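The following paragraphs walk through a structure made of two chains, beginning where the chains meet and moving outward from there. Please keep the sequence and the three-dimensional view at hand while reading.

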Protein chains: 2
Amino acid sequence: MTQAHTAKALFTTPSLIGQKVTVKGWLRSRRDSKAGLSFLAIHDGSCFDPIQAIAESTLTNYQSEILSLTKDCALEVTGTLVASQGQGQSVEIQADEVIIHGWIDNPETYPVSPKRHTMEHLREHAHLRVRTNLIGAVSRMRHTLANAIHNFFNDEGFFWVNTPILTSNDCEGAGELFRVSTLDQLNLPKDDQGKIDYTQDFFGRETFLTVSGQLNVETYCMALSKVYTFGPTFRAENSNTSRHLAEFWMVEPEFAFANLNDDADLAEKLLKSVIKTIMQERQDDLKFFDQFMEKGLLDKLNSVVNNDFIRVEYTDAIEILKTCDKAFDYPVEWGLDLQSEHERFLCEEHFKSPVVLMNYPKDIKAFYMRLNDDNKTVAAMDVLVPGIGEIIGGSQREERLEILDQRIAETGVDAEGLYWYRDLRRYGTVPHCGFGLGFERLLGYITGVPNIRDVIPFPRTPGNAKF
Amino acid sequence: MTQAHTAKALFTTPSLIGQKVTVKGWLRSRRDSKAGLSFLAIHDGSCFDPIQAIAESTLTNYQSEILSLTKDCALEVTGTLVASQGQGQSVEIQADEVIIHGWIDNPETYPVSPKRHTMEHLREHAHLRVRTNLIGAVSRMRHTLANAIHNFFNDEGFFWVNTPILTSNDCEGAGELFRVSTLDQLNLPKDDQGKIDYTQDFFGRETFLTVSGQLNVETYCMALSKVYTFGPTFRAENSNTSRHLAEFWMVEPEFAFANLNDDADLAEKLLKSVIKTIMQERQDDLKFFDQFMEKGLLDKLNSVVNNDFIRVEYTDAIEILKTCDKAFDYPVEWGLDLQSEHERFLCEEHFKSPVVLMNYPKDIKAFYMRLNDDNKTVAAMDVLVPGIGEIIGGSQREERLEILDQRIAETGVDAEGLYWYRDLRRYGTVPHCGFGLGFERLLGYITGVPNIRDVIPFPRTPGNAKF
């Protein structure tokens, strides 16, 4: 097909001014002037702004077609790129030809017509909502954030490892799993005790969707030294909140010869680096979010990039919470987990900064976290950010077999199924650590979009797997 | 923890010679000299080669520990980096201190002991096999290939879109699906006709693992113009071959205002670009594959990078196959699909080049492929490479609603479930195309590793979802 320029290229390539150019995209808006010409704003997704084309009434299809164009008609415009006379754009196209590729069937009922729509309405039409300014901008931000994460790890010498989605392990002992099966549901094979006979299932055993790639990726860490996962994970939690998805993407680095301080260093460096990158590369989209989604967003992000995260012991945080004036809904006591209200008080009101909370009581943490010498706490950390609370959770892993076994026994995890995880401590064990970062939670933080369902293309939540 | 240098940094940073350095990793081998010193080869995964450390018998733990070290003991060595006296390495460490972090429990029964192991044995111990030269090299190649793919698309202006893993759609009408459910298998709710009542399941309807993100990503293509997926996909096929996995990663670009030639152009450009990148960035690993896995691998890859892919009409290919001297197991007739033997004959013997086969009979292709003006063929293409056959399959998509509907009816696909896909043709439709690239198949091609189970960390095949 004829080559076209992207809107982004037209805006950023001064040498194109005065040249014949072609742009292909969708009509964002049409404005007809009394002077007998129309301004067509054409969007192709390459950047936030549409490129404006001026269609004179002398065009052969001006009356027959151009005056009937509505939002999201597909267009191809060829003309001369000129410095813009009007406000609001630097360049525009003086159109010689406007070809219409696709019309809008019944613009009155078009689900993403130019009027205002609620976020709920847009979620109902998730196949069309990327045609809005908001979801278009979110989509570009999502891409750039993902790219920044991959590049950060590549530059730091980490290898991307694709841990399995289908697994017969249940990593954290969490019960909320999706079962995966090819058995005929109406004719399930049973064993002589009346239980389902999963030996006849596709994988010959009961199989689930992964809740975390951590345990798997630790195996690769023990040979490649620095690794990370970045892929979909699943929770069958019946949570209908703005913070939960049944399917979401998680980033889980794991690195060898490292302790909890190294873990916190990496978390801080990662967050600062990717936010810095996205502020450079997506200025146009971020300006939109700052204006229409979260006032002060850019200041918030600048502050994350430019200030050290404050590191606080869990034990000290409990003291701060107990002695402050604030009344909390949930109790504060050494040994209890912190609730969102506590986390947000610490980073939003007390420290006014991102905070890394470290060394939690062992009884509220997972079996694989390294026991500290006090025998009461484990080398766990959470990174809390203002406005959202926990965004990263990690730990140094227990590398000593005898203590790992003790913790497995204490927490009631199935030791037999973890023989391979225990092997890592039997064969060339080393201190190592890692963390998990919820990709959508970070994207929500960076865009200011309050509902996590609006930062993933097709959100999966209880009752919703449409499209 | 004390900072260490990676082996890669020690090999590639001349200014470190003469400096005190620390390296942390695992022992690949130990050789004791009669002169009363030991050569320790330490591997940390950062590159193919281990770094050699020379441990003199004067070290305090020489007798007590160093002489007992076996493969994969975890070590930390500090000493002076010096130009190597021996053959085979450029630099080595004159050790001042050797700290042992982890021993090998019973080296005799250690599953990845230094002796030769079969690939089947290594698959049984997938949690340890990355400690071999082969799987370590595959893992670095996998990372670099993935990175090259992301960077290629980013540079070309494509946005990464994470299409859903869980879906209630069945994209290609293929029957081989994994069902995902949280229903209690021993107490399944039924409707009044005795069928399973999926309205009570987690998503309120029958839900499966995706077999392709294509239909979903087309929705994003219609606003962002250039998009791609890169994620896991699933096939519940009971195929126990060296080419099939139940869980594999797929790359699916989709771009607007483009036809089948543009599609073939992109496929060729992508393959050449990522192979070129990996040949620059993973020279050490590729040398190993060229020597021990596939003689002539580098020549093969160079030839792909440096020669134009030959484009052939399906109809012409049938003529070539019918008139050649070769006896095939499967029949050759216009209207029949090509088998692997035909594809390999075309690219390996007839053309001796990668081949793009174009315009297949409509009856052997999917409903969404664009009908050509001859009314008999569709704008589909397959990219065939010597040694493997099909590596990419793509098409221009049918953008005309009435013809799409006709094809949906002809092929018996569920039109109602596809209302949202049809909407793309009702609202601002444009010519567009895309293709699917099996990531593991490409990685197998680039490494010469013959079994696809050895290029993914934890392969899922019938009867196997261990780890």
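**From the shared strand outward**

Val180(A) has Val180(B), in β8(B), as its bridge partner. In this predicted model, that pair belongs to a junction in which strand β8 (residues 179-181) of chain A and strand β8 (residues 179-181) of chain B run antiparallel and are joined by 3 bridges. Strands of a sheet pair through backbone hydrogen bonds, in either a parallel or an antiparallel sense.

Following the strands away from this junction on both sides, one finds an open sheet of 6 strands with antiparallel pairing, in the order β7(A)-β9(A)-β8(A)-β8(B)-β9(B)-β7(B). Its edges are formed by β7 (166-167) of chain A and β7 (166-167) of chain B, each of which pairs on one side only. In chain B, β7(B) is held to strand β9 (residues 207-209) by 2 bridges, again with the strands antiparallel, and within that pairing Thr167(B) has Phe208(B) as its bridge partner in β9(B).

How are the two copies placed relative to each other? A turn of 180° with a shift of 0.0 Å along the axis lays chain A on chain B with an RMSD of 0.0 Å, and the two copies are therefore related as by a two-fold rotation axis. Val180(A) is the residue of chain A whose C-alpha lies nearest the axis, at 2.4 Å from it. Both copies use the same surface, since 100% of the contact residues of chain A recur in chain B.

The interface can then be considered as a whole. The contact draws 113 residues from chain A and 113 residues from chain B, and the area buried between the two chains is about 9500 Å², with carbon and sulfur atoms giving 62% of that area. Gln185(A), Phe257(A) and Tyr427(A) together supply 8% of the area that chain A buries against chain B, which is more than any other three residues supply.

Turning to polar and charged interactions, 41 residue pairs are in polar contact across the interface of chain A and chain B. Helix α3 (residues 133-155) of chain A gives the most to the side of chain A that touches chain B, contributing 11 residues, and that side comprises, by class, 58 nonpolar, 35 polar and 20 charged residues. Between chain A and chain B there are 2 salt bridges; in a salt bridge between Arg426(A) and Asp105(B), the side chains meet with an N to O distance of 3.0 Å.

Within chain A there is also an open sheet of 8 strands, with mixed pairing and the order β6-β10-β11-β16-β15-β14-β13-β12. Here β6 (159-160) and β12 (310-313) of chain A stand at the edges with a single partner strand each, so one side of each strand is left without a neighbour in the sheet. Inside this order, strand β14 (residues 377-385) and strand β15 (residues 389-396) of chain A run antiparallel and are joined by 6 bridges, with Gly394(A) in β15(A) serving as the bridge partner of Met381(A).

Over all chains, the count of salt bridges comes to 60. One salt bridge within chain A links Glu348(A) with Arg344(A), whose closest N and O atoms are 2.7 Å apart. Glu348(A) and Arg344(A) are separated by about one helical turn, because they are 4 residues apart in helix α9 (residues 340-350) of chain A.

Definitions and conventions. Residues numbered from 1 in each chain as written. Chains lettered and ligands numbered in written order. Predicted model: local features only at pLDDT ≥ 70, side-chain atom pairs only at ≥ 80, totals over all residues. Heavy atoms only, no water. Contact = heavy atoms within 4.5 Å. Buried area = accessible area lost by both parts, 1.4 Å probe. Salt bridge = Lys/Arg side-chain N within 4 Å of Asp/Glu carboxyl O. Polar contact = N/O pair within 3.5 Å; in protein donor to acceptor, adjacent residues only side chain to side chain. Nonpolar A, V, L, I, M, F, W, Y, C, P; charged D, E, K, R; others polar. Pairing = 2+ DSSP bridges. Least-squares fit on C-alpha atoms with pLDDT ≥ 70 in both.
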